[in-house]
Amino acid sequence: RDADLVITGEGCLDEQTAFGKAPAGVAACAKKYGVPVIALAGGVKPGAKICNQHGIDAFFPIVPRVTTLEQAMRPEIARENLANTTEQLMRLILSVRK
């Protein structure tokens with residue numbers, strides 16, 4: 001309730017996310033308190049925009065380039081992709097708040 005922002009995530013964001021997956025539940029809880037929600041995902045499929053109507057204010061894929069699923073799921077690569085995307089997201093948020 002006292003959060004300024006909620007960041008949630010999922011392996012693949014799509015239209016099913018809006019209907020019962022964890023990010024939608026997190027978003028519903030945050031919205032009770034008027035807290036904005038950002039979702040990060042390994043991949044974003046067509047239809048994911050419906051998530052914007054279900055409490056997720058913005059979403060971003062973490063995979064920066066064309067890659068195979070096998071490569072993207074390697075723990076060290078996934079960690080690096082998530083860290084890099086999160087850093088850039090926070091840089092954006094902090095620049096807007098200045």
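Ile 7 makes contact with Ile 38, Leu 40, Leu 89 and Met 90, once its neighbours within four places in sequence are set aside. This residue belongs to strand β1. Keep in mind as you look around that the model is predicted. The points below start from Ile 7, then move to the nonpolar cores and end with the cysteines.

**Around Ile 7**

- Is Ile 7 buried, partly exposed or exposed? Its relative accessibility is 39%, so Ile 7 counts as partly exposed.
- Together with Met 90 and Leu 94, Ile 7 makes a nonpolar surface patch of about 250 Å².
- Leu 94, a member of that patch, has its place in helix α3, which covers residues 75-97.
- Met 90 appears twice in this story: it is in contact with Ile 7, and it is part of the patch as well.
- For a sense of distance, try Ile 7 and Pro 61: they are 54 residues apart in sequence, and their C-alpha atoms are 13 Å apart in space.

**The nonpolar cores**

- How many residues does the largest nonpolar core have? There are 13, and those with the most contacts inside the core are Leu 13, Val 37, Ile 56 and Phe 59.
- Three elements give two or more residues each to this core: strand β1 (6-13), helix α1 (22-32) and strand β2 (37-44).
- Of these, β2 provides the largest share, with three residues.
- A second core, separate from the largest one, has five residues, among them Ile 38, Leu 40, Ile 62 and Ile 93.
- Two members of this second core, Ile 38 and Leu 40, are also contacts of Ile 7.

**A look at Val 37**

- Val 37 is worth finding in the structure, as one of the residues with the most contacts inside the largest core.
- Beyond its neighbours within four places in sequence, Val 37 is in contact with Val 6, Thr 8, Ala 27, Ala 30, Lys 31, Gly 55, Ile 56, Asp 57 and Ala 58.
- One of those partners, Ile 56, is likewise among the residues with the most contacts inside the core.

**The cysteines**

- A disulfide is a covalent bond between the sulfur atoms of two cysteines.
- How many disulfides does a search of the whole structure find? The search finds zero.
- Cys 12 is in no disulfide, and the nearest cysteine sulfur, that of Cys 51, is 10 Å away. Because its relative accessibility is 25%, Cys 12 counts as partly exposed.
- Cys 29 is in no disulfide either; its nearest cysteine sulfur also belongs to Cys 51, 17 Å away. With a relative accessibility of 42%, Cys 29 counts as partly exposed.

Technical notes:
Residues numbered from 1 in each chain as written. Predicted model: local features only at pLDDT ≥ 70, side-chain atom pairs only at ≥ 80, totals over all residues. Heavy atoms only, no water. Disulfide = S-S within 2.5 Å. Buried < 20%, exposed > 50% of the residue type's maximum accessible area, 1.4 Å probe, protein only. Core = buried A, V, L, I, M, F, W, Y, C linked by side-chain atoms within 4.5 Å. Helix = DSSP H or I, 4+ residues; strand = E, 2+ residues; numbered from the N terminus. Contact = heavy atoms within 4.5 Å. Patch = residues over 30% accessible without salt bridge, like charges linked within 9 Å, V, L, I, M, F, W, Y side chains within 5 Å. Areas by Shrake-Rupley, 256 points an atom, 1.4 Å probe, with all protein chains shown as cover. Salt bridge = Lys/Arg side-chain N within 4 Å of Asp/Glu carboxyl O.
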